Amino acid sequence: MTTKKAQEIAFQKLLKISRDSSFDVYETSGNNMYGYRAWPVGWGEKLYSKYKTPEDKQKALNETLMNLTRGDFPKTRKQMEQERKVIQLTLLAGANPNYSDSYNGSIFDSFWYSKKGYGLLELVKDDRFESPKKLQEFYENFRWMRVSCSFSDEEFLLTRQENRKREALIYTLFQKGMYPTNPKVFEKLAPVVLEKDCDFFNKKKEQVVSQMHRAKTPLQIYNAIMGRRKEKN
C-alpha cells in the first residue's frame, strides 16, 4: 500500500469517528462558586473544511492534532485508548508531529502540558518526529503520575497504564538519540531504559565505535560522536 493510499484510508476513518459522535475530548471549565462543566472540544471540526489545495488539508490535519492535545485527562482506560487511536490515525493521515502555532506552541509541548504521555508517545514513534526545542525542559520537569491510596481500581489501573506509556516514551526518545544533557537526569532515567533492554547502552557504544571507525572527515567524526547518523534497527 502506498503512503498516499494509507493516508487517505486513515483520513476516512477519522471522518467516520467524528461523524458518528462516538468520541470527543472534553475540557472542564468553571469555579467553586458557580460550579464546573465539561465542554466538548470538537476535535474533528477542521476535517470538514473544503480544501482548495493540499496545503489546506495539511493545515486542517495539523490543527486537528493540536485540538487532540487539549481537554481533560481521561477518566478510564477505555477513554485513553480511544483517544490514543484517534491521535495515531491523525498522524497516519498526514498530520505533522512537529507542528506548532503561535498560540499553543508545539504539539509536543501541548501534549505534555496536558499530561498526556500516551499522546507524546504516538508523536515520538512517528518516523518524521524531530527533537523538540524544549526537549531538555521536558526532561528537567519529567514526572511519573502519582498513585494515591484513595484511588479506585480503575483510577489505579489508568495511572499505571499512563506511567507505562511514559516509560515507553523515555525509551523511544533514547532510541532516537534524544538524551537529557543533564547528567543527573540521565542517571535518573537510564534505569527505565535498561529495564526494557539491559544491553541498550552497550549496543549504542558499539554503534558509535563502528561509526568512528568509518568516519574519515572531521565532520563525519563529529557526527559520529554526536550520534547524528541515522541508526539502523
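Leaving aside its neighbours within four places in sequence, with which residues is Thr172 in contact?

**Exercise 1. Place Thr172 and find its partners.**

The model used here is a predicted one, in which local features need pLDDT of at least 70 and side-chain atom pairs count only at pLDDT 80 or more, while totals for chains, interfaces and linings use all residues. Residues are numbered from 1 along each chain as its sequence is written, and side-chain values use heavy atoms, with hydrogens and water left out.

Step one is to locate the residue: Thr172 lies in helix H7, where helices are DSSP runs of H or I with at least four residues, strands are runs of E with at least two, and both are numbered from the N terminus. Step two is its exposure: Thr172 counts as buried because its relative accessibility is 11%, and buried means under 20% relative accessible area, exposed over 50% and partly exposed in between, with a 1.4 Å probe and protein chains only. Step three answers the opening question: beyond the neighbours within four places in sequence, Thr172 is in contact with Leu121, Val124 and Lys125, contact being heavy atoms within 4.5 Å.

**Exercise 2. Decide how H5 is covered, and by what.**

H5 is mostly covered, since 8 of its 9 residues are buried. These are Gly117, Tyr118, Gly119, Leu120, Leu121, Glu122, Leu123 and Val124. The elements that cover them include H2, H3, H4, H6 and H7.

**Exercise 3. Describe how H3 packs against H5.**

Two packed helices are described by the angle between their axes and the distance between the axes. Helix H3 (residues 77-92) and helix H5 (residues 117-125) pack at about 25°, with axes 10 Å apart; the axes are lines fitted to C-alpha atoms over the stretch in contact, and angles run from 0 to 180 degrees between N-to-C directions. H3 is therefore roughly parallel to H5, because angles under 35 degrees count as roughly parallel, over 145 as roughly antiparallel, 65 to 115 as roughly perpendicular and the rest as oblique. From H3, the contact uses Met80, Glu83, Arg84, Ile87, Gln88 and Leu91, and from H5 it uses Tyr118, Gly119, Glu122 and Leu123. Sorted by class, this contact has 5 nonpolar, 2 polar and 3 charged residues, where Ala, Val, Leu, Ile, Met, Phe, Trp, Tyr, Cys and Pro count as nonpolar, Asp, Glu, Lys and Arg as charged, and the others, Gly among them, as polar.

**Exercise 4. Treat the packing of H1 and H3 in the same manner.**

The angle between H1 and H3 is about 140°, and their axes are 8 Å apart, so that H1 and H3 are oblique to each other. On the H1 side, Ala6, Gln7, Ala10, Lys13, Leu14 and Ile17 meet Val86, Leu89, Thr90 and Leu92 of H3. The residues of this contact divide into 7 nonpolar, 2 polar and 1 charged.

**Exercise 5. Find the residues with the most contacts inside the largest nonpolar core.**

A nonpolar core is a set of buried Ala, Val, Leu, Ile, Met, Phe, Trp, Tyr and Cys residues joined through side-chain atoms within 4.5 Å. The largest one has 48 residues, and those with the most contacts inside it are Leu123, Phe138, Tyr139, Ile170 and Leu173. H7 gives the largest share of this core, 7 residues. Not counting residues up to four places away in sequence, Tyr139 touches Ile170, Leu173, Phe174, Met178, Tyr179, Pro180, Val185 and Leu189.
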